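Me: I would like a close look at one part of this predicted model. Please treat the packing of its helices and the loops around them in one connected account.

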Amino acid sequence: MMNKVYVVGVGMTKFEKPGRRSNDDGSPWDYPDMARESGTKALADAGLSYDVIQQAYVGYVYGESTSGQRAVYELGMTGIPVINVNNNCSTGSTALYLAAQAIRGGLAECTLALGFEKMQPGSLGSSYDDREQPLANHLQALAEISEVLFPPAPWMFGAAGREHMREFGTTAEHFAKIGLKNHSHSVNNPYAQFQDSYSMDEIQGSRMIYDPLTKLQCSPTSDGSGAAILASEAFVDAHGLASRAVEIVGQEMTTDFRSTFDGTCKSIVGHDMNVKAARSVYDQSGLGPEDFQVIELHDCFSANELLLYEALGLCDEGDAGRLIDDGQTTYGGRWVVNPSGGLISKGHPLGATGLAQCAELTWQLRGDADKRQVDDVSAALAHNIGLGGAAVVTAYQRAER
């Protein structure tokens, strides 16, 4: 029988445009500064000192080896195992998955999951050009069924969006409405990179990146960090943390299946990974889509959010457009999806994104989300994906008193 896992402390930095922020002394805001800020906040939130942490899992995509050690040394140097994690855009949630797994398996009583990213402005690029690219097979498969347009990320998700339009009559307006929603949500998030709301005309009239996706429907590159402290039930009881603890009641990570290359765009961008991870979490937790009130999901592009409505079971295949038109994914609807503003507006520092989702949902379940607070939250769902590929889905509930 596996041990229960609780989130007892969360923290994050404000997400920033790359290179925008400086330290008080004028020096560049570097990843150790980010990790110190998010980690210190998470420890303070839990009311714990670093010396109780038994293992640390630290995620980042762009950086030198053992940057994880350099990052957590800002919090303390106690000789504990520090494991560096790199899983593309799902790096932060993969660190969370591993930190939870250590507790679930009885290998540790208190762990740290921390993620950060110091990014370059502009579209994502590869670091090495003298070896096979991880997405080579995905891109080749997509090129056989879709016109090729670089950079790869908007092409991949934009092609999946176009496929949905052809099959189900989804319109460009449906995608734009997702951008409109997420930007409007971020107005109330002080951690968001962007806090501006826009009209539909502004969303649709912004620069076209890959038709139908305009700039205001695409996540930006970002600098920032997030952190979570996880603990076992015995640790929670011994330290009197039950009143603030949030339980991880289901968690699954999947990688690509052979069906990724079944000849459809949606499979290339992770449909089957998403479906199977979500179904496993529902089985583990005993919860279904109807039991969640708030969801943070991987809206790297508005097209992916729409596809995820169906993959996560919020509606039947082909019905995502109707869900959007009926206002079912914002305040006053069936779910509030991405109250933080999502990746589109909150920002997307790759290593931090999954942990920022954890922070937002922990605050929502505690009732600490201020103007973003969703009414009567008892269960929350997170989804984070990186192509190449890895999808992580996590279900949270308030701890039993």
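Is Asp376 buried or exposed? Please begin there, and then proceed to the helices and the core.

Reply: Asp376 counts as exposed, because its relative accessibility is 69% and the exposed class begins over 50%. Asp376 belongs to the loop between helix H14 (353–366) and strand E11. Its phi is positive, at about 50°, although Asp376 is not a glycine. The model is a predicted one, and the description below should be read accordingly.

A second residue with positive phi is Asn338, where the angle is near 60° and the residue is again not glycine. Asn338 lies in the loop between strand E10 (336–337) and helix H13 (342–346). Asn338 is buried, with a relative accessible area of 0%, whereas Asp376 is exposed.

Asn338 leads to Leu297, since Asn338 is among the residues that Leu297 touches outside its own stretch of sequence. Leu297 is placed in the loop between strand E9 (294–296) and H11. Leu297 too is buried, with a relative accessible area of 0%. Not counting residues up to four places away in sequence, Leu297 touches Glu305, Leu308, Tyr309 and Leu312, together with Val337, Asn338, Leu343, Gln357 and His383. For one of these partners, Leu343, the C-alpha separation from Leu297 is 8.4 Å, across 46 residues of chain.

Helix H11 (residues 302–311) packs against H5, and their axes come within 8 Å and cross at roughly 55°. H5 is therefore oblique to H11. The crossing of the two is left-handed. On the H5 side the contact is made by Phe157, Ala160, Gly161 and His164, and on the H11 side by Ala303, Asn304, Leu306, Leu307 and Glu310. By class, this contact of H5 with H11 comprises five nonpolar, three polar and one charged residues.

H11 also meets helix H10 (residues 271–285), at an angle of about 45° and with the axes 9 Å apart. H10 is thus oblique to H11. Here, however, the crossing is right-handed. His271, Asn274, Val275, Ala278 and Arg279 of H10 make the contact with Leu308, Glu310 and Ala311 of H11. These residues divide into four nonpolar, two polar and two charged. Glu310 takes part in the contact of H11 with H5 and in that with H10. Leu308, which contributes to the contact with H10, is also touched by Leu297.

H5 in turn packs against H4. The axes of helix H4 (residues 136–143) and helix H5 (residues 152–168) come within 11 Å and cross at roughly 50°. H4 and H5 are therefore oblique to each other, and their crossing is left-handed. His138, Leu139, Leu142 and Ala143 in H4 meet Pro152, Trp155, Met156 and Ala159 in H5. By class, the contact of H4 with H5 has seven nonpolar, one polar and no charged residues.

The loop between H4 and H5 holds Pro151. A cis peptide bond joins Phe150 to Pro151, with omega about 10°.

Met156, part of the contact between H4 and H5, is also one of the residues with the most contacts inside the largest nonpolar core. That core has 52 residues, and Tyr309 and Leu381 are named alongside Met156 for their contacts. Beyond its neighbours up to four places away in sequence, Met156 touches Leu135, His138, Leu139, Leu142, Ile268, Val269 and Leu387. Apart from this core lies another, of 35 residues, among them Phe15, Tyr57, Cys358 and Leu361.

Leu381, another of the residues with the most contacts in the largest core, is in contact with Thr394. Thr394 is located in strand E12 (residues 390–398) and is buried, with a relative accessible area of 2%. Leaving aside neighbours within four places in sequence, the contacts of Thr394 are Ile248, Gly250, Gln251, Ala380, Leu381 and Ala382. The C-alpha atoms of Thr394 and Leu112 are separated by 17 Å, while the two residues stand 282 residues apart along the chain.

A further cis peptide bond runs from Gly388 to Gly389, with omega near 5°. Gly389 is found in the loop between strand E11 (379–386) and E12.

Technical notes:
Residues are numbered from 1 along each chain as its sequence is written. This is a predicted model: local features need pLDDT of at least 70, side-chain atom pairs count only at pLDDT 80 or more; totals for chains, interfaces and linings use all residues. Side-chain values use heavy atoms; hydrogens and water are left out. A nonpolar core is a set of buried Ala, Val, Leu, Ile, Met, Phe, Trp, Tyr and Cys residues joined through side-chain atoms within 4.5 Å. Buried means under 20% relative accessible area, exposed over 50%, partly exposed in between (1.4 Å probe, protein chains only). Contact means heavy atoms within 4.5 Å. Axes are lines fitted to C-alpha atoms, for helices over the stretch in contact, and angles run from 0 to 180 degrees between N-to-C directions. Helices (H or I, at least four residues) and strands (E, at least two) are DSSP runs, numbered from the N terminus. Angles under 35 degrees count as roughly parallel, over 145 as roughly antiparallel, 65 to 115 as roughly perpendicular and the rest as oblique. A crossing is left-handed if the near helix is turned anticlockwise from the far one by less than a right angle, and right-handed if clockwise. Ala, Val, Leu, Ile, Met, Phe, Trp, Tyr, Cys and Pro count as nonpolar, Asp, Glu, Lys and Arg as charged, and the others, Gly among them, as polar.
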